[in-house]
Each structure stands twice: as C-alpha cells, then as structure tokens.
Amino acid sequence: MTDMTDILIVDDDSAFLTTLTRMMQRQGHQIHAADTVSAAQDLIDTTRFSRAILDLNLQGDSGLKLLAYLVDRQPECRVVILTGYASIATTVEAMKHGACDYLCKPATLPDILKSLALDTDETETDTMLSDHYDTMSPKRIEWEHIQRTLMEHNGNISATARALNMHRRTLQRKLQKKPVNK
C-alpha cells in the first residue's frame, strides 16, 4: 500500500464524479475515483486513503456496505456520505457504520471540504443535526417512516409493504421519488 494522503470519491453518476474530482484536484488534492463498488474495493485494497466521499446508492449497491468495507480496512479514514436520497434512518445507519458526516446533494464544495477537514476536533454531526430541527411536512414524515421501516426489514420491499399496510407497487413508486426537503 502507498502511504500518501489520498482522497477516494465513489459515485455512479459519471458527470458528478468527474466534476467533483476536478474541483477537488484544483484544490490540490490527490483524487482516486470509482463508479462501482468493486472498483472502489480494489482501490481500498491497494491505496491508503485519509478521506473518502461515498454515494449512498451505487447502481443498486449500498454505499453503507462499502462504508463498512472501507472502515474495516482503513479505520483512520474520514468518510463523508453524499446522497440525493437523504433520510434520518440512513443518516443514523451511516453514522453507526463510521461516517463522520452525511451531506445531501447538491452539496457545495465548501461544505464538502469542511466535512473532510482533519484539523477540526468538533463533531460536525452535532451542528448538522441541530440545524435541522425545523418542523417536517407530512410528506417528509411519511418518507422518513418508509425509510425507517425499510431499514428495519433489511431493504425487503415486500416485507416493508406488508408492515406499512401498503401495496408493493405503491411503495416502489414512493421509493423512486426524491424525498421532500421539509
């Protein structure tokens, strides 16, 4: 393994991956990019990373599983989860698996850089959560409830639909939609 302080970026959206990689390189960082879980695992096995940015949903694979793989092999790596499908349930799971922060797309470069900073001792999760104590809309509450129930049933759509007393196709349509922000 190399001993460099490199940054791993994993996202299945090639345009986003290319853009974020270029932006981070302009900041003077050494970037290694991957668009699949297997490509990311190969990089994790061969390169020492000080920081990583992982997408939550990687072409049907779970970014949380990749997070666990990375933290198991490189526990000192500071990992940020970046997702377009944020929920409280997945935030909690990401933090349990070792993520230091959880950002919603589109995140700004300053937000990403702040989350990746190694020289800060304060916990960003405390400030992140305290900024989001606004009252949620009924649609957002429904989204959170669905996500929590889905996590309780290990991603099983049929079991989740039964638990929610909802038709499986209705649940699938709801899951395909992006979450309501508030």
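**Exercise 1. Work out whether Asn154 is buried or exposed in this predicted model.**

*Solution.* Start with the cut-off: a residue counts as exposed when its relative accessible area is over 50%. Asn154 has a relative accessibility of 74%, so Asn154 is exposed. Now find its place in the chain: Asn154 sits in the loop that runs between H7 and helix H8 (157–163). Last, check the backbone. The phi angle of Asn154 is near 55°, which is a positive value in a residue other than glycine.

**Exercise 2. Do the same for Asn165: where is it, and is it buried or exposed?**

*Solution.* Asn165 belongs to the loop between H8 and H9. Its relative accessibility comes to 73%, so Asn165 counts as exposed. Have a look at its backbone too: Asn165 is not a glycine, yet it has a positive phi of about 55°.

**Exercise 3. Classify Gln41 and find out which residues it touches, leaving out those up to four places away in sequence.**

*Solution.* First, locate the residue: Gln41 is part of helix H2 (residues 37–46). Next, the accessibility. Buried means under 20% and exposed means over 50%, with partly exposed in between. Gln41 has 24%, so it goes down as partly exposed. Then look for its partners: once you skip residues up to four places away in sequence, Gln41 touches Leu66 and Tyr69. Take Tyr69 and check the distance. Gln41 and Tyr69 are 28 residues apart along the chain, and 7.7 Å separates their C-alpha atoms.

**Exercise 4. Decide whether Ala94 is buried or exposed, then describe its surroundings.**

*Solution.* Ala94 is in helix H4. Its relative accessible area is 0%, so Ala94 is buried. Now for its surroundings: leaving out residues up to four places away in sequence, Ala94 touches Leu64, Leu67, Ile81, Ala99 and Tyr102. You can also try a C-alpha distance here. Gly63 lies 31 residues from Ala94 along the chain, and their C-alpha atoms are 8.9 Å apart.

**Exercise 5. Find out how covered strand E6 is, and which strands pair with it.**

*Solution.* Step one is the count: strand E6 covers residues 78–83, and 6 of its 6 residues are buried. Step two is to split the strand by face. Arg78, Val80 and Leu82 lie on one side, with Val79, Ile81 and Thr83 on the other, and both faces are covered.

Step three is the pairing. Strand E3 (residues 49–55) runs parallel to E6, joined to it by 5 bridges. For one of these contacts, pick Arg51, whose bridge partner in E6 is Arg78. E6 also pairs with strand E7 (residues 101–104), again in the parallel sense, over 4 bridges. Here Val80 has Asp101 in E7 as its bridge partner, while Leu82 stands opposite Leu103.

Step four is to follow the chain. From E6 the chain goes through helix H4 (residues 88–96) to reach E7, and this β-α-β crossover is right-handed.

**Exercise 6. Describe the second largest pocket: how much space lies in it, and what lines it?**

*Solution.* Begin with the volume, which is about 900 Å³. Then turn to the lining: 29 residues line this pocket, and those closest to its centre are Leu56, Asn57, Thr90, Gln147 and Leu150.

Next, ask which elements these lining residues come from. Strand E5 (61–62), helix H3 (63–73), H4, helix H7 (138–152) and helix H9 (168–176) each supply at least two residues. H7 gives the most, with 4 residues. Finally, sort the lining by class: it has 9 nonpolar, 13 polar and 7 charged residues.

**Exercise 7. Step back and sum up the whole protein: how many helices and strands are there, and what share of the residues is buried?**

*Solution.* Count the elements: the protein has 9 helices and 7 strands. Then check burial: of the 182 residues, 41% are buried. For the last step, take the contacts with a separation of 6 or more. Residues 24 or more positions apart account for 63% of them.

Definitions and conventions
Residues are numbered from 1 along each chain as its sequence is written. This is a predicted model: local features need pLDDT of at least 70, side-chain atom pairs count only at pLDDT 80 or more; totals for chains, interfaces and linings use all residues. Side-chain values use heavy atoms; hydrogens and water are left out. Buried means under 20% relative accessible area, exposed over 50%, partly exposed in between (1.4 Å probe, protein chains only). Two strands pair if DSSP finds at least two bridges between them. A crossover is right-handed if, with the strands pointing away from the viewer, the path from the first strand over the helix to the second runs clockwise. On a 1 Å grid over the protein atoms alone, a cavity is a set of points where a 1.4 Å probe fits but cannot get out, and a pocket is an open set with protein on both sides within 12 Å along at least five of seven lines; lining residues have an atom within 4 Å of a point. Grid points are joined across faces, edges and corners, and a volume is the space filled by probe spheres set on the points. Ala, Val, Leu, Ile, Met, Phe, Trp, Tyr, Cys and Pro count as nonpolar, Asp, Glu, Lys and Arg as charged, and the others, Gly among them, as polar. Contact means heavy atoms within 4.5 Å.
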